[in-house]
Amino acid sequence: MALAAAVHPPHIDETIAELKVLFGDRLSTAAAVREQHGKDISYHEAHLPDAVVFAESTAEVQKVVQICARYRTPIIAFGTGTSLEGHISAPQGGISVDVSRMNQVLQVNEADLDVVVQPGVTRKQLNEYIRATGLFFPIDPGADASIGGMTSTRASGTNAVRYGTMRENVLALQVVTPDGRIMRLGRRARKSAAGYDLVKLFVGSEGTLGIITEITLRLYGIPEAMAAATCAFESLEGAVNTVIQTIQSGVPIARIELLDDIQVDSVNRYSKMSLPVKNTLFLEFHGTEASVKEQAEMVQAIASDNGGGSFAFTTQAEERTRMWQARHDAAWANKALKAGWGMWATDVCVPISRLAECILATKNDIVALDLVAPIVGHVGDGNFHLTIMVDPDDPTCLKRADALNDRMVARALELGGTCTGEHGVGLGKIKYLYAEHGESVSLMRAVKRAIDPDNIMNPGKIFGPLN
Ligand SMILES: Cc1cc2nc3c(=O)[nH]c(=O)nc-3n(C[C@H](O)[C@H](O)[C@H](O)COP(=O)(O)OP(=O)(O)OC[C@H]3O[C@@H](n4cnc5c(N)ncnc54)[C@H](O)[C@@H]3O)c2cc1C
């Protein structure tokens, strides 16, 4: 979407002048750099920060925060900028703090299955680094996002059905608070009953409470055996019911992803696949050779009862990687399908027993509103996404997309679900936060005010204006 008119905080010139002395060339006010740090791929109006600082240590982040705090200048943390709800936009201007150069893996504790990383480490970089240990980090949003950004949006991905989300996998944090203090939250111990859980408060706080400068994560052993498969269904309902029954029967499936027929067509074209153009599940099983076989047989039986075809298996690592890369590239496939169109990515999550109702009614809405909106999802968690394609030459298209999103979120809330399972609130889902949480939003706002009384950390996000 277009750039919005710039807004400058009152003391931005003094803030930039002081930061320039410390950071020299690592502070940029160039339009292209500011645009890269204020504009995501979403349909949200982009507001650019006044300057971007490339921090290389916790001490440098602390300096930036102390200077900004003195001038009450907004600070927006930046990892890789792949968030989807206007999270990195700077509606009140201010300083974008890019932590991508803080990209060291600091400690691998093999015996304890954990790792300490700086926030700019990306998920792929981490897995590459620890590969020789026989351990892996499972959380895999489609983009190669930073661990700091993933922590801040409480991200998940295709493995969450088995391994959980960032909520379950962050053990401890180091943060710089809005008053410029460095704090450690949490410990490496697997459990603790000592006081309020500040780690979980910061996980998903979208940069509104402070800047994360170190993250301690859980790791897992690479399973002895892994097998992936695709399974095509005659109906969307059959595919979704297979997911529901698989989860309800307690099969410890590692990945179970839905792509509707429109999404399969788009993936085929973009990733040079030749899947039957039908509603399809992408599945993966982890365990011993015997347990993988047993799990696959159980799910195949459930799928057959629901109109699914025979599993097309991939056991070779290279083929599996190709299949999952195609799944991760689904959004780019949709963008390529409608060249020049905008892309509105949105997600909801419902209790598993309500998933079929939610997806089928949403599919009907897509047809009724005459929109192109492929459905894809981490359905084992009850989570699914739409990438609603927005035709810039059709003035009604954005309105229809908005209506579709409204209906989908209202339905998810009615069914006991949430307005976002993993993308977060940013700017795009503020209005739904109140519908979802009601009075308890006032408690969230009180926490925000207590930690960041001057509202300098990513202001305008999650709640909108705070007064
Ligand atoms: C193609 C594609 C597929 C995607 N698939 C998924 C998916 O499957 N699952 C999923 O969950 N998401 C998905 N996403 C969204 C995105 O990848 C995640 O939201 C990711 O967690 C963002 O990480 P980032 O490093 O890009 O963060 P950024 O976009 O840079 O920042 C995100 C937010 O976190 C804050 N932040 C960043 N770093 C820090 C820090 N160190 N301290 C404090 N705050 C910080 C920012 O201020 C901002 O509010 C997808 C995005 C794309 C483009």
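1. Helix α5 contributes the most to the shell around the ligand, giving five residues, where helices (H or I, at least four residues) and strands (E, at least two) are DSSP runs numbered from the N terminus. This is a predicted model, in which local features need pLDDT of at least 70, side-chain atom pairs count only at pLDDT 80 or more, and totals for chains, interfaces and linings use all residues. Residues are numbered from 1 along each chain as its sequence is written, and side-chain values use heavy atoms, with hydrogens and water left out.

2. On the composition of the ligand shell, a residue is near the molecule if one of its heavy atoms lies within 4 Å of it. The residues around the ligand number 36, and those that come nearest are Ala 77, Thr 80, Thr 82, Ser 83 and Ser 146. By class, the shell divides into 16 nonpolar, 18 polar and two charged residues; here Ala, Val, Leu, Ile, Met, Phe, Trp, Tyr, Cys and Pro count as nonpolar, Asp, Glu, Lys and Arg as charged, and the others, Gly among them, as polar.

3. Polar contacts (pairs of N or O atoms within 3.5 Å; within protein, one must be able to donate a hydrogen and the other to accept it, and residues adjacent in sequence count only if both atoms are side-chain atoms) involve the backbone at several places. A backbone N or O atom of Ala 77 is 2.6 Å from an oxygen atom of the ligand, a polar backbone atom of Gly 81 is 2.8 Å from a ligand oxygen, and for a polar backbone atom of Glu 206 the distance to an oxygen atom of the ligand is 3.1 Å. The ligand taken alone exposes 980 Å², of which the protein buries 97%; accessible areas come from the Shrake-Rupley method with a 1.4 Å probe, and for residues only the protein chains shown count as cover. Two or more residues of the shell come from each of β3 (75–78), α5 (147–153), β10 (211–218) and α13 (330–337).

4. Two backbone conformations deserve a check. Glu 206, which is not a glycine, has a positive phi near 55°; Glu 206 sits in the loop between α8 and β10 and is buried, with a relative accessible area of 7%, where buried means under 20% relative accessible area, exposed over 50%, and partly exposed in between (1.4 Å probe, protein chains only). Arg 154, also a residue other than glycine, has a positive phi of about 55°; the loop between α5 and α6 holds Arg 154, and this residue is partly exposed at a relative accessible area of 36%.

5. Two buried positions may be read through their contacts (heavy atoms within 4.5 Å). Thr 213 belongs to strand β10 and counts as buried at 0% relative accessibility; leaving out residues up to four places away in sequence, Thr 213 touches Thr 58, Val 61, Met 102, Gln 118, Pro 119, Gln 174, Val 175 and Val 176. Phe 202 belongs to helix α8 (residues 198–202) and is buried at 5% relative accessibility. Its C-alpha lies 6.9 Å from that of Ser 152, although Phe 202 and Ser 152 are 50 residues apart in sequence. Beyond its neighbours within four places in sequence, Phe 202 is in contact with Thr 151, Leu 173, Val 175, Leu 185, Leu 209 and Gly 210.

6. Aromatic pairing uses rings of Phe, Tyr and Trp (its six-membered ring) with centres within 6.5 Å, planes under 30 degrees apart counting as stacked, over 60 as edge-to-face and the rest as tilted. The count by this rule is seven aromatic pairs. Phe 136 and Tyr 163 have ring centres 5.4 Å apart and planes at 85°, so the pair is edge-to-face; because Phe 136 lies in strand β7 (residues 135–136) and Tyr 163 in helix α6 (residues 160–163), the pair ties together parts 27 residues apart in sequence. Both Phe 136 and Tyr 163 are buried. The rings of Tyr 163 and Tyr 220 are also edge-to-face, since their centres are 4.9 Å apart and their planes at 70°. Phe 136, Tyr 163 and Tyr 220 form one aromatic cluster.

7. Helix α10 (residues 261–271) has as its buried residues Gln 263, Val 264, Ser 266, Val 267, Asn 268 and Ser 271, and these pack against β13 (255–259), β14 (279–287), α12 (317–328), α13, β17 (375–377) and β18 (383–390). Lys 272, which follows α10, has a positive phi near 50°.
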